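Visitor: Could you take me through this model, one element after another, with the criteria behind each statement?

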Amino acid sequence: MPLRVYNTLSRQKEAFETVLPGKVGMYVCGPTVYKPSHLGHMVGPVIFDTVKRYLKYAGYDVTLVINITDVDDKLIVQAKQQNTTVAELAERITADYRQNLEKLGVTGIDHMPRATEYIGDIIQMIQGLIDKGHAYAAGGDVYFDVTRDADYGKLCNRDPEQLEAGARIEVSDRKRNPGDFALWKGAKPGEPKWDSPWGPGRPGWHIECSAMSMRLLGKTLDIHGGGLDLQFPHHENELAQSESYTEVPFVRYWMHNGLMKTGNDKMSKSKGNEIVVAELLRKHAAETLRFFLLTTHYRRPIDYSEDRLDEVRRGLDGFYRFFDRYQRVTKNNFYELKAPASRGTFHPGVPETAFVVDVARLWTLFLEHMDDDFNTGGAIGILYELLTTLNRFADNRQLEGGAADASDLKAFERGVVALRELSQILGLFREPMVRASLAGVGKVTATATVMHNANRETGLAQLLTELGAEARLVHLLIDLGAEARLIELLIDMRAEARKEKNFARGDQIRQTLAKMGIVLEDRPGGTGWRME
Ligand SMILES: [Zn+2]
């Protein structure tokens, strides 16, 4: 089945056809950098990074652009409050954003343009719109005239009056029509400003995206992505000004992702219910967050709760335990396994037993889900089925214990390669992130929030290394700032030691942790911990 993509503009799934054969230009609206990123900011990047991974797997040469809005009213207000400059604030928050993206495995961004680096392009485009009669200067500002654009409102499928009624319209007596929007804003005293033919000022928000996307990807983008809340006015305005300027279609496929919710509310800085990513990463592995964001279809809202994250983590633990099992059976490391990075037909390479046929069937189903408007949620469901199939095969054929049949082992290996191939498409299991459930013990509840402490971190790392934990894993967790995970890993190792009646080792772990001020509490159903 060929790839089909839901296009907001046509309100239906369409066959995917790019402007240039084999090439895809993708633009995604990034954040206004005035406060540390919350989890909602990661939704778009993780989804579109996965879209890029899948398109690359399908053989396309993909360029992904996510912009940074580094001059805006919110930045100006926040910088004043913090007694700093807009530039310094933007720099600091951009660094936080990039760090979070990297941790969540968003590695596919080719350009991250900042609005302030494209002022020349923006001015040129505004001048072009004025020359064509689509925009007018008024008292140091420049506005786009929505009444001069015959199909304004087509993205949201509403006429301009309806749009005005439903939206917060910036009031200004300089505007000719209430729905007109600012392309250029004259500077007020003390605000960042650039020279322009209309006097000193700064660009409006919408024009930035049109100018930057066009410069980096050409007049027609294959995919323009962003959160559902950007559909109006941001994307409607981007579309109107871009097409008025170039007179060619601006975007082939408009893709809008659902928003992060906590309870019934959208997660947002202005609502004050945002979950700051850097804080979340102190309690959860980055892979858990990525997996969580991909379990829902991207067009649906994502419900955030701690319970949901725990559930997702338990799901991932099933995969981690299987990777350990695979290593016990084959002596190979799942993370070093080579698997096809581009789409082909399924080559069994081994006799087509019922098991291999089943693996091939699931492989096909996974790709069918991805072809159906990047249904990562459906694809993850298939990944779980594949995991069950592999575990069942290992059970039935008694692959552990050294007496396994050679042809069974080969078939098993083929199945695991399929799991690797498919999970790579979702950007999962790139590194041995977390293997907390070494012993498969009950749920470990981490309630304490860990304040950063370099000495304790070193102590934890030393203890883990002494106990034989993979050094790479330990360092990775430290890099991630996931100290809570280090403690949980030690709790699991203690549980495993006790299960093996190695009480001396169990006590060693408890006592060493106690010296660092970490108290373990054995409870029914697992061991918890707290800071003294
Ligand atoms: Zn934008």
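**Helices, sheets and domains**

Visitor: Which strand does helix α4 run at about 120° to?
Guide: Helix α4, residues 119-131, lies across β5, β6 (141-144), β7 and β8, where helices (H or I, at least four residues) and strands (E, at least two) are DSSP runs numbered from the N terminus. This is a predicted model, in which local features need pLDDT of at least 70, side-chain atom pairs count only at pLDDT 80 or more, and totals for chains, interfaces and linings use all residues. Residues are numbered from 1 along each chain as its sequence is written, and side-chain values use heavy atoms, with hydrogens and water left out. With axes as lines fitted to C-alpha atoms, for helices over the stretch in contact, and angles from 0 to 180 degrees between N-to-C directions, the strand that α4 runs at about 120° to is β7.

Visitor: Which strands stand at the edges of the sheet that has the order β5-β6-β7-β8?
Guide: This open sheet of four strands has antiparallel pairing, two strands being paired if DSSP finds at least two bridges between them. One side of each edge strand is left without a neighbour in the sheet, because each has a single partner strand, and these are β5 (135-138) and β8 (201-203).

Visitor: In β8, which residue is the bridge partner of tryptophan 184?
Guide: Strand β7, residues 181-186, runs antiparallel to β8 and is joined to it by three bridges. In β8, the partner of tryptophan 184 is proline 203.

Visitor: How many nonpolar residues does the contact of α4 with α6 have?
Guide: The axes of α4 and α6 (residues 205-217) come within 9 Å and cross at roughly 110°, which makes α4 roughly perpendicular to α6, a class covering 65 to 115 degrees. The contact, meaning heavy atoms within 4.5 Å, includes Met125 and Leu129 of α4 and Ala211 and Met214 of α6. Ala, Val, Leu, Ile, Met, Phe, Trp, Tyr, Cys and Pro count as nonpolar, Asp, Glu, Lys and Arg as charged, and the others, Gly among them, as polar. By class there are three charged residues, one polar and, as the number asked for, seven nonpolar.

Visitor: In β13, which residue is the bridge partner of methionine 260?
Guide: An open sheet of three strands has the order β12-β11-β13, with mixed pairing. Within this sheet, β11 (residues 260-262) and β13 run parallel and are joined by two bridges. In β13, the partner of methionine 260 is isoleucine 302.

Visitor: What distance separates the centres of domain 1 and domain 3?
Guide: The domain assignment, whose bounds come from an automatic or database source, gives domain 1 (19-120 + 204-303), domain 2 (307-425) and domain 3 (445-531). Taken over C-alpha atoms, the centres of domain 1 and domain 3 are separated by 37 Å.

Notes
Angles under 35 degrees count as roughly parallel, over 145 as roughly antiparallel, 65 to 115 as roughly perpendicular and the rest as oblique.
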